[in-house]
Amino acid sequence: MTQASRDNHPHRIVVVGGGAAGLELVTRLGDKLGKRGLADIALIERSRAHLWKPLLHVVAAGSMDPSEHQLNYLAQGHWHHFRYHFGEMIGLDRASKTVRLGATYDDEGREIAAPRGIPYDTLVIAIGSVTNDFGTPGAAEFAVPLETAEQAVRFHHRLVNAGLRAQAQSEPIRAGQLHVAIIGAGATGTELAAELYQSARDMVAYGLDQVDPDKDIRIILVEGASRILPGLPERISIATLAILKKLGVDVRTNARVAAVRADGIELASGEFVPAELVVWAAGVKGPDVLANLAGLEVNRANQLVTDATLRTTRDPDIFAIGDCAAVPREGFDAPVPPRAQAAHQEASHLAKQLRRRLQGAPMEPYVYRDFGSLVSFGRMGAIGNLMNLAFRGNLFIEGVLARWMYRSLYKMHERALHGVAKTALGTLARGLSRHAEPKVKLH
């Protein structure tokens with residue numbers, strides 16, 4: 001592999017998807033290769049701004065203003081020497097090495113950009129995952145997923161509007177009118193339940209005196225498995241369950257949702273749970289576009305199958321990272337789990353390996369390192385476990401230390417995008433502004 005291709009243009013590295021993995025990768029490549037003209041670096045992304053996905057439940061609860069944490073792709077490209085293409089991948093031509101983009105439109109339906117193709121020499125697909133509702137009747141119509149900042153804001157608007165509606169009505173509050181059903185007790189669903197407990201009470205305290213938070217507001221967490229947080233160590237699950245019960249969250253395990261209605265959810269047992277606000281946080285899969293993407297191999301979860309170097313199995317010039325990739329994990333039957341720490345590691349690893357590839361050096365395999373798992377309860381703290389790699393064990397943590405470690409994950413992401421100085425400055429500015437704002441977003 002040479003620095004320039006046969007027609008003498010710089011080697012074109014195209015990254016599709018500006019989530020945690022894709023944006024960290026394209027930023028690193030822009031700084032190392034694009035800045036010096038060693039390669040032409042480009043990002044394809046259908047959104048205009050980036051928000052770290054683990055923050056979506058905080059936005060949905062209203063505990064955070066997303067505008068303070070969103071990063072504009074166009075500006076990031078200018079600062080870090082990559083080109084930003086606003087659009088969505090709808091197909092791929094491997095023969096001509098072209099990513100096909102669909103047309104983009106504004107809110108009034110006017111075309112921004114026509115369908116077009118973006119050529120590449122090396123392609124990295126990092127388009128994340130989407131919610132898998134398993135075809136449950138009514139889920140797409142009545143339940144809000146938490147995949148994007150827009151969906152998180154949409155749910156928060158529904159939450160605020162439900163409170164204002166209850167405040168203004170003359171008749172008593174109906175059963176289920178201010179109930180929130182969260183389907184799926186993984187990290188997102190569990191953290192949202194805890195965050196909503198506090199934010200709903202904050203919202204009522206700002207003037208919704210017709211609403212009794214203990215009587216009228218109810219949070220129901222529904223999980224089909226035998227315990228919450230089924231993908232994490234059982235000790236974390238047990239400790240988290242105790243905290244949620246103390247908060248008054250109604251936790252249902254071994255409960256499969258048969259249908260979602262406008263006024264609640266139906267369980268497979270036949271029980272009906274009234275709730276006019278429903279969040280679907282159960283199950284993820286690769287986006288539909290991957291199912292028939294130029295013959296690339298996908299697994300049952302519609303993720304692109306890769307080898308240990310993060311290269312797709314059927315094309316040596318196409319790589320996949322993040323939640324959309326099924327990356328083999330030595331010693332395990334299942335691939336690397338779709339976590340933020342995996343996305344960060346894969347982006348860092350591939351940035352180094354693509355530079356080696358341009359120099360004609362062999363690529364080294366990626367090895368996932370599990371540093372532990374953390375669950376946040378917002379202002380009420382966090383719990384989790386940290387892996388002790390020296391002794392091959394793990395350390396259970398809670399309280400201030402766990403909360404600090406949870407926040408440090410986001411700071412690692414910010415540092416990868418901005419550097420140390422800008423991350424510190426942004427953290428200080430947001431800390432100062434919070435003292436002049438309500439504790440919960442009220443619009």
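Reader: What makes β13 and β20 count as paired strands?

Author: Good place to start! In this predicted model, two bridges join β13 (residues 144–145) to β20, and the strands run parallel. Pairing asks for at least two bridges, so β13 and β20 qualify. V144 stands opposite V279 in β20.

Reader: How do you know that β14 also pairs with β20?

Author: The same rule helps here. β14 (residues 179–183) shares four bridges with β20, again in the parallel sense. At least two are needed, so β14 and β20 are a pair. I183 has W280 of β20 as its bridge partner.

Reader: Why are both faces of β20 called covered?

Author: Look at the two sides of β20 (residues 277–280). L277 and V279 lie on one side, V278 and W280 on the other, and all are buried. Buried means under 20% relative accessible area, so each side carries residues below that cut-off.

Reader: Let's turn to α3. Which of its residues are buried, and why do they line one face of the helix?

Author: In α3 (residues 73–80), the buried ones are Y73, Q76, G77 and H80. Seen down the axis of α3, they fall within an arc of 100°, so they line one face. On the other side, L74 and H78 are exposed. The buried residues pack against several elements, including α1 (20–34), β2 (39–45) and α9 (399–418).

Reader: What makes the contact between N72 and L74 a polar one?

Author: A side-chain oxygen of N72 lies 2.9 Å from the backbone nitrogen of L74. The cut-off for such N or O pairs is within 3.5 Å, so this distance fits. N72 thereby caps the N-terminal end of α3.

Key: Residues are numbered from 1 along each chain as its sequence is written. This is a predicted model: local features need pLDDT of at least 70, side-chain atom pairs count only at pLDDT 80 or more; totals for chains, interfaces and linings use all residues. Side-chain values use heavy atoms; hydrogens and water are left out. Buried means under 20% relative accessible area, exposed over 50%, partly exposed in between (1.4 Å probe, protein chains only). The arc is that of the directions from the helix axis to the C-beta atoms. Contact means heavy atoms within 4.5 Å. A polar contact is a pair of N or O atoms within 3.5 Å; within protein, one must be able to donate a hydrogen and the other to accept it, and residues adjacent in sequence count only if both atoms are side-chain atoms.
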